Amino acid sequence: MKNIKGYVNMKTDLNLILLRIQFLEEKEKQINKEKTSLEELKQKLTNILNQTEEKLKELKGIDRELFYEIMVKGTNVTRAVDKVSITYDVDPSTIWKYYYPKIKEDIKKLEKEIMSSEILV
């Protein structure tokens, strides 16, 4: 004769199934929350990249090169000034005095947005 599950075993199986369903629903909520968070981060980073690209398009010469070194390549500001001064054969003090102040605000603004985005990660 075939072994039939008893009432208690079926009740236990049903409770286990209900617990697994509850667990999966909770996991689904967590996944959706993480997905939403990643979508927000994606939007912020896309915005930062677009701003950087727009700024690069509007800058020219030493300003552009300095901005490129700092924001795109991630070069330290002092090293970027030295590198650009060598490239353009200009004294670093000239770059610090005339060129860096022009882009400083834009760099600070983008860095602030980048820092706020990294908190989400």
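**Briefing: a four-helix chain**

L49 sits in helix α1, which covers residues 7-58. The structure is a predicted model, in which local features need pLDDT of at least 70 and side-chain atom pairs count only at pLDDT 80 or more, while totals for chains, interfaces and linings use all residues. Residues are numbered from 1 along each chain as its sequence is written, and side-chain values use heavy atoms, with hydrogens and water left out. The chain contains four helices and zero strands; here helices (H or I, at least four residues) and strands (E, at least two) are DSSP runs, numbered from the N terminus.

**Overall form**

- Read from the N terminus, the order of elements is α-α-α-α.
- The chain is more spread out than a compact globule, because its radius of gyration is 28 Å, well over the 14 Å that the globule rule gives for 121 residues. The radius is taken over C-alpha atoms, and the rule is 2.2 Å times the number of residues to the power 0.38.
- The C-alpha trace spans about 95 × 20 × 20 Å along its principal axes.
- Of contacts between residues at least 6 apart in sequence, 53% join residues at least 24 apart; a contact means heavy atoms within 4.5 Å.

**Surface and charge**

- The accessible surface of the chain is about 9,800 Å², and carbon and sulfur atoms account for 56% of this surface. Areas come from the Shrake-Rupley method with a 1.4 Å probe, and for residues only the protein chains shown count as cover.
- Buried residues make up 20% of the 121 in the chain. Buried means under 20% relative accessible area, exposed over 50%, and partly exposed in between (1.4 Å probe, protein chains only).
- There are 23 positive and 21 negative side chains, and the centres of the two sets are 6 Å apart. Lys and Arg count as positive and Asp and Glu as negative, with His and the chain ends not counted. Each charge is placed at NZ of Lys, CZ of Arg, CG of Asp or CD of Glu.

**Helix α1**

- The 52 residues of α1 should span 76 Å at 1.5 Å a residue, and the end C-alpha atoms are 76 Å apart, which agrees. The expected span of a helix is 1.5 Å times one less than its number of residues.
- L41, I48, T52, K55 and L56 are buried in α1.
- L49 is exposed, at 54% relative accessible area. From L49 to L110 the C-alpha distance is 9.3 Å, with their positions 61 residues apart in sequence.
- Y7, also in α1, is exposed with a relative accessible area of 61%. Y7 and L19 are 12 residues apart in sequence and 18 Å apart from C-alpha to C-alpha.

**Helix α2**

- For the 12 residues of α2, 1.5 Å a residue gives an expected span of 16 Å, and the 16 Å between the end C-alpha atoms agrees.
- I62, D63, L66, F67, E69, I70 and M71 are the buried residues of α2.
- D63 belongs to α2 (residues 61-72) and is buried, at 12% relative accessible area. Apart from neighbours within four places in sequence, D63 contacts Y99, K102 and I103.
- G74 follows α2 and has a positive phi, near 75 degrees.

**Helix α3 and the loop after it**

- S85 lies in helix α3 (residues 77-88) and counts as buried at 7% relative accessibility.
- Not counting residues up to four places away in sequence, S85 touches V90, D91, P92 and I95.
- D89 is in the loop between α3 and α4 (92-120). D89 is exposed, at 72% relative accessibility.
- The phi of D89 is near 55 degrees, a positive value in a residue other than glycine.

**Helix α4**

- S117 is part of helix α4 and is buried, with a relative accessible area of 2%.
- Leaving aside neighbours within four places in sequence, S117 is in contact with L41, K44, L45 and I48. Among these partners, L41 and I48 are themselves buried residues of α1.
- S117 and L66 are 51 residues apart along the chain, and their C-alpha atoms are separated by 24 Å.
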